[in-house]
Amino acid sequence: QGDWSSDVCSSDLWTFLSFMFTLMGPALLYMISTSLIPSSNPATASWQDYFEEARTWFYALFALYALWGIFITYWMMNTPFFHPYRIVQLLMFIPAVYAIFSRSRKLDGVLAACFLAIFAVSQLVFRIFPGGYSVG
């Protein structure tokens with residue numbers, strides 16, 4: 001995703017629209033977090049039941065965050081639209097959209113592990129090892 005704190009903020013040209021669009025990423029992360037951990041005590045009996053109630057919002061916001069990452073890296077970081085990192089972003093977006101309509105608890109566990117693994121591997125490949133995949 002577009003790392004709003006360093007990669008995106010290195011832009012020389014700032015407009016109100018680019019500033020608001022850049023802030024959309026942290027706002028989405030905040031909304032994703034609050035969909036999982038509410039500010040008040042949930043009325044449900046267990047956290048698992050609470051997640052069942054909140055899962056649609058969670059995955060919808062997660063999919064929106066993945067879309068934001070695609071567009072912010074294209075628009076603000078000038079990453080080509082067919083850059084190899086788009087595979088990683090699509091591997092985050094497509095399962096999140098599928099999970100919105102699925103009601104499988106097994107899928108939720110698999111997706112959590114996969115999202116973490118995809119993110120970790122992608123950061124190793126695209127950030128730590130410079131070379132053919134780097135932008136710019």
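Is Asp 49 buried, partly exposed or exposed, and what is its relative accessibility? Asp 49 counts as partly exposed, because its relative accessibility is 34% and the partly exposed class lies between the limits of 20% and 50%. The points below place this residue and others in the structure, which is a predicted model.

1. **Overall fold.** The protein chain contains four helices and zero strands. Followed along the sequence, its pattern reads α-α-α-α. Among contacts between residues at least 6 apart in sequence, 68% join residues at least 24 apart.

2. **Burial and surface.** The protein chain has 136 residues, and 35% of them count as buried. The area that the chain exposes is about 8600 Å², and carbon and sulfur atoms supply 72% of that area.

3. **Salt bridges.** Side chains of opposite charge can pair when their charged atoms come close. The structure holds three such salt bridges. One of them joins Asp 49 to Arg 105, with the closest N and O atoms 3.8 Å apart. This pair links distant parts of the chain, since Asp 49 belongs to helix 2 (residues 47-75) and Arg 105 to helix 4 (residues 105-128), 56 residues apart. Arg 105 is partly exposed, because its relative accessible area is 43% and thus falls between 20% and 50%.

4. **A second partner for Arg 105.** Glu 52 and Arg 105 also meet through their side chains in a salt bridge, at 3.4 Å from N to O. Here too distant parts of the chain are linked: Glu 52 is in helix 2 and Arg 105 in helix 4, 53 residues apart. Glu 52 has a relative accessibility of 22% and therefore counts as partly exposed, the limit for buried being under 20%. Asp 49, Glu 52 and Arg 105 are accordingly described as a network of salt bridges.

5. **A buried salt bridge.** Which residue meets Arg 55 in a salt bridge? The partner is Asp 108, and the N to O distance between the two side chains is 2.5 Å. Asp 108 lies in helix 4 and Arg 55 in helix 2, so that this pair, 53 residues apart, also links distant parts of the chain. Asp 108 counts as buried because its relative accessibility is 10%, and Arg 55 is buried because its relative accessible area is 0%. Both values satisfy the limit of under 20%.

6. **Aromatic pairs.** A pair of aromatic rings is described by the distance of the centres and the angle of the planes. A search of the whole structure finds nine aromatic pairs. Among them is the pair of Phe 58 and Tyr 59, with 5.1 Å from centre to centre and 70° between the planes, which is edge-to-face. Both residues of this pair, Phe 58 and Tyr 59, are buried. Tyr 74 and Phe 81 form another edge-to-face pair, at 5.6 Å centre to centre and 85° between the planes. Tyr 74 is partly exposed, because its relative accessible area is 44%, and Phe 81 is partly exposed because its value is 41%.

7. **An aromatic cluster.** Which residues form one aromatic cluster? The members are Phe 51, Phe 58, Tyr 59, Phe 62 and Phe 115. Phe 58 and Tyr 59, the buried residues of point 6, are thus part of this cluster.

8. **A nonpolar patch on the surface.** Trp 14, Phe 16, Phe 19, Met 20 and Leu 23 make a nonpolar surface patch of about 520 Å². Phe 19, one of these residues, is placed in helix 1 (residues 16-36). Phe 19 counts as partly exposed because its relative accessibility is 43%, and this value also meets the patch requirement of over 30%.

9. **A buried threonine in helix 1.** Thr 22 lies in helix 1. Its relative accessibility is 3%, so Thr 22 counts as buried. The side chain of Thr 22 reaches the backbone oxygen of Ser 18 at a distance of 2.7 Å.

10. **Leu 67 and Met 92.** Leu 67 is found in helix 2. With a relative accessible area of 30%, Leu 67 is partly exposed. Leu 67 and Met 92 are 25 residues apart in sequence, and their C-alpha atoms are 9.2 Å apart in space.

How values were computed: Residues numbered from 1 in each chain as written. Predicted model: local features only at pLDDT ≥ 70, side-chain atom pairs only at ≥ 80, totals over all residues. Heavy atoms only, no water. Phe/Tyr/Trp six-rings, centres within 6.5 Å; stacked < 30°, edge-to-face > 60°. Buried < 20%, exposed > 50% of the residue type's maximum accessible area, 1.4 Å probe, protein only. Patch = residues over 30% accessible without salt bridge, like charges linked within 9 Å, V, L, I, M, F, W, Y side chains within 5 Å. Areas by Shrake-Rupley, 256 points an atom, 1.4 Å probe, with all protein chains shown as cover. Salt bridge = Lys/Arg side-chain N within 4 Å of Asp/Glu carboxyl O. Helix = DSSP H or I, 4+ residues; strand = E, 2+ residues; numbered from the N terminus. Polar contact = N/O pair within 3.5 Å; in protein donor to acceptor, adjacent residues only side chain to side chain. Contact = heavy atoms within 4.5 Å.
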